[in-house]
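Trainee: I would like to learn how to read a model of this kind, one feature at a time. Where should we begin?

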Amino acid sequence: MQPRNMSMSGVVDLAAVKAAQEAKAKAEQARAEAARQGGGAAGAAVSPASLVIDVDEARFESEVLQRSTEVPVVIDFWAEWCEPCKQLSPLLERLAQEYNGRFLLAKIDVDANQMLMQQFGVQGIPAVFAVVAGQALPLFQGAAPEAQIRQTLDQLVQVGEERFGLTGLVVDPGAEGRQAPAAAEVPAGPYDALLEAAVRALDAGDLGGAVQAYKNVLSDDPANTEAKLGLAQAELLQRVQGLDPQQVRKDAADKPADVSAQIAAADLDLVGGHVEDAFGRLIDTVRRTAGDDRDAARVRLLELFEVVGSDDPRVTSARTALARVLF
């Protein structure tokens, strides 16, 4: 089983965009339901025991990838013979209970799941990763102090909520063995149909249709965060569609003063997951140019910031570097 939508370095692809949009839509529904019920948490409750699960290759897609559109999933790669694992795993299990549904802990025995170990690039255990809205990222390797682990988990939960709208799971100590009631139907929001149309267009590879759907939302609601993020991502994918990567990179190398060539290469860098390379290329272009050329590079850099997200530390660092160049 091949994990889908995985990106260890921020790759932007159709599946990742779709996962993020679906996660945000689910979160909005959860918040709407909570408000309708007077502020209570929405969604079917889970038992505390279900916050820690054993996962194998057969269950990876359903228990990790799909669940990651509802809640951040922390993955603990371990083995019975691993002594540090015997210290770290119980700590992670305790924190999963303490965080009370803000993340889900998936335990993977590397001896029984060699393929997953290879696909994540695990070099040694214990190794801890996370999957958020279908996107995988490394957290830490080896035994770590509890304070450091808590800080990492806090950041993970914050990113999941602020960037992808993942509000976590509702935990009910009495939910074990009890059939959860069906969630009440949530009335559609004013732009839900248009946003859903954009997601469907992305899923079908219709980037032009997705761009137009997001623009339709923004024409009435210019501050709509979901539409702004979706539009930035869809426009990026639309720009690189049909490009010859080899030729684009050759042009950028042969013509360092050609702003259009550098902008096209930066787009490809970002889509390929080379976020810092994309930012650095455009910052250097801004430094070397003036007038309209400089403004074109600056504007494209700001657009790429929107794709990655303002809370990403690489964006923060690049904004500082850009400010030094400009001022």
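Mentor: Begin with the link of Cys-82 and Cys-85, which is right-handed, with 80 degrees about the S-S bond. The model is predicted: local features need pLDDT of at least 70 and side-chain atom pairs pLDDT 80 or more, whereas totals for chains, interfaces and linings use all residues. Residues are numbered from 1 along each chain as its sequence is written, and side-chain values use heavy atoms, without hydrogens and water.

Trainee: How far apart are the sulfur atoms of Cys-82 and Cys-85?

Mentor: A disulfide is a covalent bond between the sulfur atoms of two cysteines. The criterion applied is a pair of cysteine sulfur atoms within 2.5 Å. For Cys-82 and Cys-85 the sulfur atoms are 2.4 Å apart. The structure holds 1 disulfide.

Trainee: Are Cys-82 and Cys-85 buried or exposed?

Mentor: The classes use relative accessible area: buried is under 20%, exposed is over 50%, and partly exposed is in between, with a 1.4 Å probe and protein chains only. Cys-82 and Cys-85 are both buried. Across the 327 residues of the protein chain, 45% count as buried.

Trainee: How many helices and strands are there in the protein chain?

Mentor: Both are DSSP runs numbered from the N terminus: helices are H or I with at least four residues, strands are E with at least two. The protein chain has 13 helices and 7 strands.

Trainee: In what order do the strands of the open sheet lie?

Mentor: Strands of a sheet pair through backbone hydrogen bonds, either parallel or antiparallel. Two strands count as paired if DSSP finds at least two bridges between them. Here 5 strands form an open sheet, β2-β4-β3-β5-β6, with mixed pairing. Its edge strands, each paired on one side only, are β2 (52-54) and β6 (135-141). On average, neighbouring strands of this sheet are turned by 25 degrees against each other, direction ignored.

Trainee: Which residues are bridge partners in β4?

Mentor: Strand β3 (residues 73-78) and strand β4 (residues 104-109) run parallel and are joined by 6 bridges. Among the pairs, Ile-75 has Ala-106 as its partner in β4, and Trp-78 has Asp-109. The strands β2 and β4 also run parallel, with 3 bridges between them; Val-52 is partnered by Leu-105 of β4. Burial fits into this picture too: 5 of the 6 residues of β4 are buried.

Trainee: What does helix α5 lie across?

Mentor: Angles run from 0 to 180 degrees between N-to-C directions, and axes are lines fitted to C-alpha atoms, for helices over the stretch in contact. Contact means heavy atoms within 4.5 Å. Helix α5 (residues 146-164) lies across β3, β5 (127-132) and β6, at about 15 degrees to β5.

Trainee: Where is Asn-113, and what is it in contact with?

Mentor: Asn-113 sits in the loop between β4 and α4 (114-119). Its relative accessibility is 4%, so Asn-113 counts as buried. For polar contacts, look for a pair of N or O atoms within 3.5 Å; within protein, one must be able to donate a hydrogen and the other to accept it, and residues adjacent in sequence count only if both atoms are side-chain atoms. A polar side-chain atom of Asn-113 is 2.9 Å from the backbone oxygen of Asp-109. With neighbours within four places in sequence left aside, Asn-113 is in contact with Val-55, Asp-56, Glu-57 and Ile-108.

Trainee: How far apart are the end C-alpha atoms of helix α10?

Mentor: The expected span is 1.5 Å times one less than the number of residues. The 13 residues of helix α10 (residues 259-271) should therefore span 18 Å, and the end C-alpha atoms are 19 Å apart, which agrees. Because 11 of its 13 residues are buried, α10 is largely enclosed by the rest of the structure. The cover over those buried residues includes α8 (225-240), α9 (245-254), α11 (275-288) and α12 (291-308). At the N-terminal end of α10, Asp-258 acts as a cap, with a side-chain oxygen 3.0 Å from the backbone nitrogen of Ser-260. Just after α10, Gly-273 has a positive phi of about 90 degrees.

Trainee: What is the phi of Asn-100?

Mentor: Asn-100 is not a glycine, yet its phi is positive, about 55 degrees. This residue lies in the loop between α3 (83-99) and β4. Asn-100 counts as partly exposed because its relative accessibility is 43%.

Trainee: Which residues does a cis peptide bond join?

Mentor: Ile-125 and Pro-126, with omega about 0 degrees. Pro-126 belongs to the loop between α4 and β5.
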